[in-house]
Amino acid sequence: MSKKLTIGIFGFGVVGQGLYDIIKTKNLNLEIKKFVIKNADKKRTLPAELFTTDPDAILNDPEINTVVELIDDADAAFEITKRALSSGKNVVSANKKMIATHLEELTEIQQKYGTSLLYEGAVCGSIPIIRNLEEYYDNELLHSVSGIFNGSSNYILSKIFNENQSYAEALKKAQDLGFAETDPILDVGGFDPKFKLTIVASHAYGLFLDPDTILNLGIDKLSDADVRYAKEKNLKIKLIPFAKEINNSEVVLYVLPKFISKDNILYNVENENNGVLVKAAFADEQFFYGKGAGGHPTGSAVLSDITALRYDYRYEYKKHLTEKELKYSTNYELKVYFRYQNDDILDNINFSTISERYYSEDTKYVIGTIELKEIISKRVLINADGNFIAEI
Ligand code: HSE
């Protein structure tokens, strides 16, 4: 018999509304008792008595055994999640920044209080990757996990590459469709996929990492010259988070734009769709595909977590406890395309090798190899206006 869930929800934005739409079509053993929202004056589609601005209406209500946290503010989300888990309530969250930043502490709190925090909706919208990494790949040596983890930037790139739309026009549409974060630099700058990658790496490799130590460069500096270069070579550019085990003892992680050829399965992942490519020792290559953003797709993952709580499901973080100690490493060489504006920049960035140079009046680029740690230490310079880097 599943247990009855009495739910308090923080936030009634795109995902909150999407979740509500799905729940009302089902006959589940659960009741939504309260929504806590920030703005009391906003017109809502549900009866006013369901809404309050007082967090204690949920957190201090002993009848509410399940908290669903769907707000934007990662710091406030962390406080809510900590309080709920410490007072015996299980939590479902879709806040990737909050989870990526505080996962180790949140794991300890769950263990201490015997409560459960689930967050499938935080990573790649509708794609059930966390539970798969946690359960299915429990005994597999994972060579790498990569893919497209951000719907908004993928939507923008699709519109630029397939429909010749401008960057600004495509970004505006991604915002209008509710895919983008409130501050879209989180999407196009690669922060959002980095938070997701941090969570993925945790469940894939048993690592608790500070996302600030992981490289993320995005598509915000993409220019017509880069798109032209890609198209001339029948390539597309995608924003790719990448985690790979090297030397049997280290894991490399980063988020960078990448030129992708037609034979790469990610080539045809378009618009707000996401794809997760898992390479494992025995299963070989597997691919998960689905909508990565939007109220209903993300709401469906949140609902799956809610219903899992009816059976007291929890992540066991087995790999953190039992796996061999893997370490995060930045000793890794990448082949990159680097377009730059000022010539002297090449004196300040240490490429291991340069195999190609292009120099015209309006476009200059090099193709070469460079250490990941060199990109990290020169990231501000590399990402300055007029420059663009992508793996090739
Ligand atoms: N802004 C995110 C994206 C929403 O575009 O993928 C889903 O996490």
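How much space lies in the second largest pocket? About 330 Å³. This is a predicted model, and the tour starts at that pocket.

**Stop 1: the second largest pocket**

Select S146, F242, K258, N264 and K279. Of the 20 residues that line the pocket, these are the closest to its centre. Now colour the strands around them. β7 (142-148), β9 (236-246), β10 (250-260) and β11 (273-280) are the elements that give two or more residues to the lining. Which of them gives the largest share? Pick β10: four lining residues come from this strand. Then colour the lining by class. Ten residues are nonpolar, five are polar and five are charged.

**Stop 2: the loop before β9**

Stay with β9 and step back along the chain. Select N234, in the loop between α10 (224-232) and β9. Check the backbone here. The phi of N234 is near 55 degrees, a positive value in a residue other than glycine.

**Stop 3: the beginning of β12**

Go next to D284, in strand β12 (residues 284-291). D284 is not a glycine, yet its phi is positive, at about 70 degrees. Is D284 buried or exposed? Its relative accessibility is 52%, so D284 counts as exposed.

**Stop 4: helix α3**

Select residues 74-86, helix α3. Use the distance tool on its end C-alpha atoms: they are 18 Å apart. The 13 residues, at 1.5 Å a residue, should span 18 Å, so the model agrees with the expected length.

Now show the side chains of A74, A77, F78, I80, T81, A84 and L85. These are the buried residues of α3. Look down the helix axis. The buried residues fall within an arc of 165 degrees, so they line one face of α3. A rule about helices helps here. With 3.6 residues a turn, residues three or four places apart in an α-helix point the same way.

What does the buried set of α3 pack against? Colour β1 (5-10), α2 (56-59), β4 (66-69), β5 (90-93), α4 (96-113) and β6 (117-118) to see the partners.

Zoom in on A84, which lies in this helix. A84 has 0% relative accessibility and therefore counts as buried. Beyond its neighbours within four places in sequence, A84 is in contact with L59, V67, K89 and V91. For scale, draw a line from A84 to A281. The two are 197 residues apart in sequence, and their C-alpha atoms are 39 Å apart.

**Stop 5: strand β4 and helix α1**

β4 is one of the partners of α3. Select V68 in this strand. V68 is buried, at 0% relative accessibility. Which residues does V68 touch, leaving out those up to four places away in sequence? Show I7, G8, I9, F10, L19, V92, V302 and I306. Then find G292. It is 224 residues from V68 in sequence and 19 Å away in space, C-alpha to C-alpha.

L19 leads on to helix α1 (residues 14-24), where the buried residues are G16, G18, L19, Y20, I22 and I23. They pack against β1, β2 (30-36), β4 and α11 (295-309).

**Stop 6: T107 and H203**

Return to α4, another partner of α3. Select T107, found in this helix. With a relative accessible area of 5%, T107 is buried. T107 touches F208 and Y317, not counting residues up to four places away in sequence.

Follow Y317 to H203, since both T107 and H203 touch Y317. H203 lies in helix α9 (residues 191-205). Its relative accessible area is 1%, so H203 is buried. Apart from residues up to four places away, H203 touches Y119, I130, L133, E134, Y315, Y317 and K319. Now pick N164. H203 and N164 are 39 residues apart along the chain, with 38 Å between their C-alpha atoms.

**Stop 7: strand β16**

Finish at I370, in strand β16 (residues 364-371). I370 counts as buried, at 0% relative accessibility. Show its contacts outside the four places on either side in sequence: Y332, E333, L334, V336, I349, N350, F351, S352 and I375. For a last distance, pick S304. I370 and S304 are 66 residues apart in sequence and 42 Å apart in space, C-alpha to C-alpha.

Notes: Residues numbered from 1 in each chain as written. Predicted model: local features only at pLDDT ≥ 70, side-chain atom pairs only at ≥ 80, totals over all residues. Heavy atoms only, no water. 1 Å grid on protein atoms, 1.4 Å probe; cavity = no way out; pocket = protein on both sides within 12 Å on 5 of 7 lines; lining within 4 Å. Points joined across faces, edges and corners; volume = space filled by probe spheres on them. Nonpolar A, V, L, I, M, F, W, Y, C, P; charged D, E, K, R; others polar. Expected span 1.5 Å × (residues − 1). Buried < 20%, exposed > 50% of the residue type's maximum accessible area, 1.4 Å probe, protein only. Arc of directions from axis to C-beta. Contact = heavy atoms within 4.5 Å.
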